[in-house]
Amino acid sequence: MYSPLATRYAAPDFYRRCGRSGVKLPLISLGLWHNFGSVDPFENARAIACRAFDLGITCFDLANNYGPPEGSAEETFGRILREDLGRWRDELILTTKAGYHMWPGPYGEWGSRKSLLASLDQSLQRLGLEYVDIFYSHRPDPETPLEETMGALAHAVRSGKALYAGLSNYPPAETARAAALLRELGTPCLLHQPRYSLLDRWVEPQLLATLEAEGIGCTVFSPLAKGLLTDRYFKGIPADSRAGHDPRFLRPADITDAVLARTRKLNEVAESRGQTLAQMALAWVLRHKVVTSALIGASRVSQVEDCVGATRRLHFTAEELTRIEQILAA
Ligand SMILES: NC(=O)c1ccc[n+]([C@@H]2O[C@H](COP(=O)([O-])OP(=O)(O)OC[C@H]3O[C@@H](n4cnc5c(N)ncnc54)[C@H](OP(=O)(O)O)[C@@H]3O)[C@@H](O)[C@H]2O)c1
């Protein structure tokens, strides 16, 4: 039977306050978008989740549609909770989201109250939980009034099915409007989840400035650019890599000579810092104090261990940052 390591909270610096809230999050969170579907080996998923918890990772990120098939990552994690981690429920921040396509018909996606609240009930059932810690609107809905979507998040919190409300993929102006609505409703926005990495900087500077001003935390997804900011593709496309076996979101065609030339140069900077490229990529997003957590994915235990190792060296010298900017601009 699983028993967590007693050393898991040995590094208090591993936790950062989430905006102006009472909650701290680990510098590295684990996302279950890939490798936790019912098509994936359960024992590997279980080993990754348990090792993450042993290393102090308390935040596990889900969404209604993670799998494949959709919903099955929540079922997998529900089983891990039942069999292993559930006894430590009060040490865990568990999240889910609704907004992308989940079931057929007009209520299976986007941001209506109908869709969000039905989806949350489904997620709780799959996870075998009474509540999640954070319930996110997964994406802004151009056709539903923001008041309705935020009202649904606030209702989820008031009903006790979620402890906090979150936003994902909202641009700066909509984030500020949504934050004002949630504040008025008495359920302030805890956390925003945007994409951010060395290869995708759309959050700079405006969204990060908005989050800081609003006192909202930030957990950034795909900080390794889905594997591009690692050594994974330096010697071709391995069959067991994301691009090699599940090219829905990272296609072999995305791994161009230009991308590889850039990531090899970044790798040289990482080596000079005594880090792997993955570790430097994580330290780089965490250099902003407003970024509470870097939300990684992993296909094996060793990747989680490597990523957590990033926190041993978060500081960058001015020269290192300049060199990185030069590589990105070239
Ligand atoms: N809100 C949203 O709209 C949204 C969208 C996307 C993702 N997310 C969340 O963000 C999480 C992370 O997204 P992501 O999986 O794209 O993140 P990522 O961390 O950028 O990429 C993860 C992939 O990088 C590779 N990797 C990880 N650590 C490594 C290491 N130390 N050395 C070498 N390779 C390493 C693995 O690829 P291989 O599989 O090839 O081994 C792994 O699957 C998701 O699980 C989900 O929770 C949210």
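Which residues point one way from β9, and which the other way? In this predicted model, G217, T219 and F221 share one side of the strand, C218 and V220 take the opposite side, and all are buried. In a regular strand, side chains alternate between the two faces of the sheet. Strand β9 covers residues 217-221, and five of its five residues are buried, so the strand is largely enclosed by the rest of the structure.

Let's see what lies on either side of β9. One partner is β8 (residues 189-193), which pairs with β9 in the parallel sense over two bridges. If you would like a place to look, take H192, whose bridge partner in β9 is C218. The route from one strand to the other is also worth following: β8, helix α6 (residues 206-214) and β9 form a β-α-β unit, and the unit is right-handed.

The other partner to visit is β10. Here the pairing with β9 is again parallel, and three bridges hold the register between β9 and β10. Within this pair, T219 stands opposite S293 of β10.

Now step back to the whole sheet. Eight strands close into a barrel with parallel pairing, and their order is β3-β4-β5-β6-β7-β8-β9-β10. From one strand to the next, the twist averages 30 degrees. Elsewhere in the barrel, β6 (residues 132-137) and β7 (residues 162-168) run parallel and are joined by five bridges. Among the residues of this pair, I134 has Y164 in β7 as its bridge partner. In general, strands of a sheet pair through backbone hydrogen bonds, in either a parallel or an antiparallel way.

With the barrel in view, turn to the ligand. It is surrounded by 30 residues, and the closest are G31, W33, F221, L224 and G297. The elements that give two or more residues to this shell are β10 (293-296) and α10 (301-308). Helix α10 supplies the largest share, three residues. Sorted by class, the shell holds 11 nonpolar, 13 polar and six charged residues. F221 is a familiar name by now: this residue of β9 is buried and points the same way as G217 and T219, and F221 is also among the closest to the ligand.

A last stop is helix α11 (residues 318-329). Its 12 residues reach 16 Å from the first C-alpha to the last, close to the 16 Å expected at 1.5 Å a residue. How many of the 12 residues of α11 are buried? The count is zero, and the helix is hardly covered. Strand β9, by comparison, has five of five residues buried.

Methods
Residues are numbered from 1 along each chain as its sequence is written. This is a predicted model: local features need pLDDT of at least 70, side-chain atom pairs count only at pLDDT 80 or more; totals for chains, interfaces and linings use all residues. A residue is near a molecule or strand if its C-beta atom, placed from the backbone, lies within 6 Å of it. Helices (H or I, at least four residues) and strands (E, at least two) are DSSP runs, numbered from the N terminus. Ala, Val, Leu, Ile, Met, Phe, Trp, Tyr, Cys and Pro count as nonpolar, Asp, Glu, Lys and Arg as charged, and the others, Gly among them, as polar. A residue is buried if 20 or more other C-beta atoms lie within 10 Å of its own, exposed if 12 or fewer, and partly exposed in between; C-beta atoms are placed from the backbone. Two strands pair if DSSP finds at least two bridges between them. A crossover is right-handed if, with the strands pointing away from the viewer, the path from the first strand over the helix to the second runs clockwise. Axes are lines fitted to C-alpha atoms, for helices over the stretch in contact, and angles run from 0 to 180 degrees between N-to-C directions. The expected span of a helix is 1.5 Å times one less than its number of residues.
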